[in-house]
Amino acid sequence: MSDATVIKPDLQFVSEIIKGGGESLKKCYQCATCSVVCNVTPEGNPFPRKEMVLAQWGQKDKLITSPDVWLCHQCSDCTAYCPRGAKPGEVLNAIRKQSIKEVAMIPLFAKIATDPKLIWLLFAIPMALFYIVLTVLGNTNIDVVRAKSSHMAYHNFMPVPAIDVIFILTAAFAATSAFVGIKRLWAGMQANAGTAQGSGSPFGHILPAVTTILAHKKFADCNVSRLRQWGHLLLFYAFAGLAIVTTWAIVYLYGHEFLGIKAFGPFNFGEAPYPMTDPMKMLALASSVAFAIGFTIILLNRLGNAGKAGMGSYFDWIFLLIVIGVGATGMLSWGLRLADVTMGYWVYYFHLVFVWSLFAYAPYSKFAHLFYRTTAMVFAKYTGRDKK
Ligand code: SF4
Ligand code: SF4
């Protein structure tokens, strides 16, 4: 009796990778240069050569919950040095997209977030949601809204309690989706790990993984896209700053409304708008500047390295579009409010649409790497996989 293993390729999976930005997959002839040049890969389990052959053979089960696919930081060193132009960095990115779809709590949401044919639906959902709310509130006529106060104020257009309800529900949805996705990815990684299981509790490995992420240590190992580390770092902390600002604004509003806390020192409890001297406003401004610089670095880095590292796929660009949409509409609506231009209300409407898209699709879009790469890093530490 022969012990031969029969490999059953999933051709649909191969086709999805090719369509999702991995069109160069078939060029790979397994020279392993990519695994040699990758500075992020652990020595005992080198990637991405093995992922290239598994992808060529349509081995979906081995790839879809592979920690290595998520340990890749898409620095593109491998793509730049591949002698065949097989772009392994882009192929791994396309596999990650399939991984997101596979572990998604609501697969339809993953499809909407990743399929270019559904870009209209991606934005139609939040546009309809906010328009319905404005209609219910009777605020679709911006001239009438403007007449409600002597200064332009966005809470006359979309009251803060309405925003809070929408975004608390959205955040709960995103958190549940992320939790389900992380659980499924973890279970898949354990199933694939075979005998290389970790011992004890994985929770002790969370802090070291988070510390590595906070310092962006892995990005520092990349050669081709060195600037990307700084762009990614600035964007990361800009998002963190804006998340703090959002929470801070809730504390200001409800601290005043329900606890009767009055403004003291530079802290202006109560309703927006707040003066520029308020620490929350300063943090918002600093985060916005970090956001703009970080985004510009990432964009220029991507365009500047297009020849070596590829231009990315729809999966990358739709995420960047949403991110730039959040930043651009946020700053523009702020400027239009200061200049008292009524059109600012509709710019603010689109700002809410972009912010909702960023949060609601987070576990289904490129943003999901925040959850799943962290999970893979914890798993790698837990199983000793990342030892050099
Ligand atoms: S992707 Fe390129 S570098 Fe890597 S094994 Fe294939 S041909 Fe070689
Ligand atoms: S893109 Fe960078 S991290 Fe990912 S496999 Fe290639 S060299 Fe390694």
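Biologist: Let's start with a single side chain: is Asp68 buried or exposed?

Modeller: Before the answer, a word on conventions: this is a predicted model in which local features need pLDDT of at least 70, side-chain atom pairs count only at pLDDT 80 or more, and totals for chains, interfaces and linings use all residues. Residues are numbered from 1 along each chain as its sequence is written, chains are lettered from A and ligands numbered from 1 in the order in which they are written, and side-chain values use heavy atoms, leaving out hydrogens and water. Buried means under 20% relative accessible area, exposed over 50%, and partly exposed in between (1.4 Å probe, protein chains only). With a relative accessibility of 0%, Asp68 is therefore buried.

Biologist: Which residue forms a salt bridge with Asp68?

Modeller: A salt bridge here is a side-chain nitrogen of Lys or Arg within 4 Å of a carboxyl oxygen of Asp or Glu. The closest N and O atoms of the Asp68 pair are 2.7 Å apart. The partner is partly exposed at 24% relative accessible area, and a network of salt bridges links this pair with Glu51. The partner of Asp68 is Lys50.

Biologist: How many residues apart in sequence are the parts that Asp68 and Lys50 tie together?

Modeller: Helices are DSSP runs (H or I, at least four residues), as strands are (E, at least two), numbered from the N terminus. Asp68 lies in helix α5 and Lys50 in helix α3, so the pair ties together parts separated in sequence by 18 residues.

Biologist: How many salt bridges does the structure hold, and what is the N to O distance for Asp340 and Arg146?

Modeller: The structure has seven salt bridges. Asp340 sits in the loop between α17 and α18 and Arg146 in helix α10 (residues 142-146), so their pair ties together parts that are 194 residues apart in sequence. Asp340 is partly exposed at 37%, while Arg146 is buried at 15%. Their N to O distance is 2.9 Å.

Biologist: Now the interior: which helix gives the most to the largest nonpolar core?

Modeller: A nonpolar core is a set of buried Ala, Val, Leu, Ile, Met, Phe, Trp, Tyr and Cys residues joined through side-chain atoms within 4.5 Å. The largest one has 50 residues, and Phe130, Phe157, Met158, Phe167, Val323, Trp356 and Leu358 touch the most other members. Apart from that core lies another of 42 residues, among them Phe13, Leu25, Cys75 and Met189. With 11 residues (within 344-360), the helix that gives the most to the largest core is α18.

Biologist: Which residues does Phe167 contact, leaving aside neighbours within four places in sequence?

Modeller: Contact means heavy atoms within 4.5 Å. On that basis, the partners of Phe167 beyond those sequence neighbours are Phe130, Leu352, Val355 and Trp356.

Biologist: How are the rings of Tyr154 and Tyr348 paired: stacked or edge-to-face?

Modeller: Rings of Phe, Tyr and Trp (its six-membered ring) pair if their centres lie within 6.5 Å; planes under 30 degrees apart count as stacked, over 60 as edge-to-face and the rest as tilted. The structure has 28 aromatic pairs. With centres 4.4 Å apart and planes at 5°, the rings of Tyr154 and Tyr348 are therefore stacked.

Biologist: What about Tyr349 and Phe350: stacked or edge-to-face?

Modeller: Tyr349 is buried at 5% relative accessible area, whereas Phe350 is partly exposed at 34%. Both belong to a cluster linked by ring pairs, which also includes Tyr131 and Trp346. The ring centres of Tyr349 and Phe350 are 5.0 Å apart with planes at 75°, so the pair is edge-to-face.

Biologist: Turning to the backbone, which residues are joined by a cis peptide bond?

Modeller: Omega is about 15° at this bond. The proline is in the loop between α2 (33-37) and α3 (49-56). The two residues joined are Phe47 and Pro48.

Biologist: What is phi for Gln74?

Modeller: Gln74 is in the loop between α5 (67-71) and α6 (77-81), and it is buried at 5% relative accessibility. Although Gln74 is not a glycine, its phi is positive, at about 55°.
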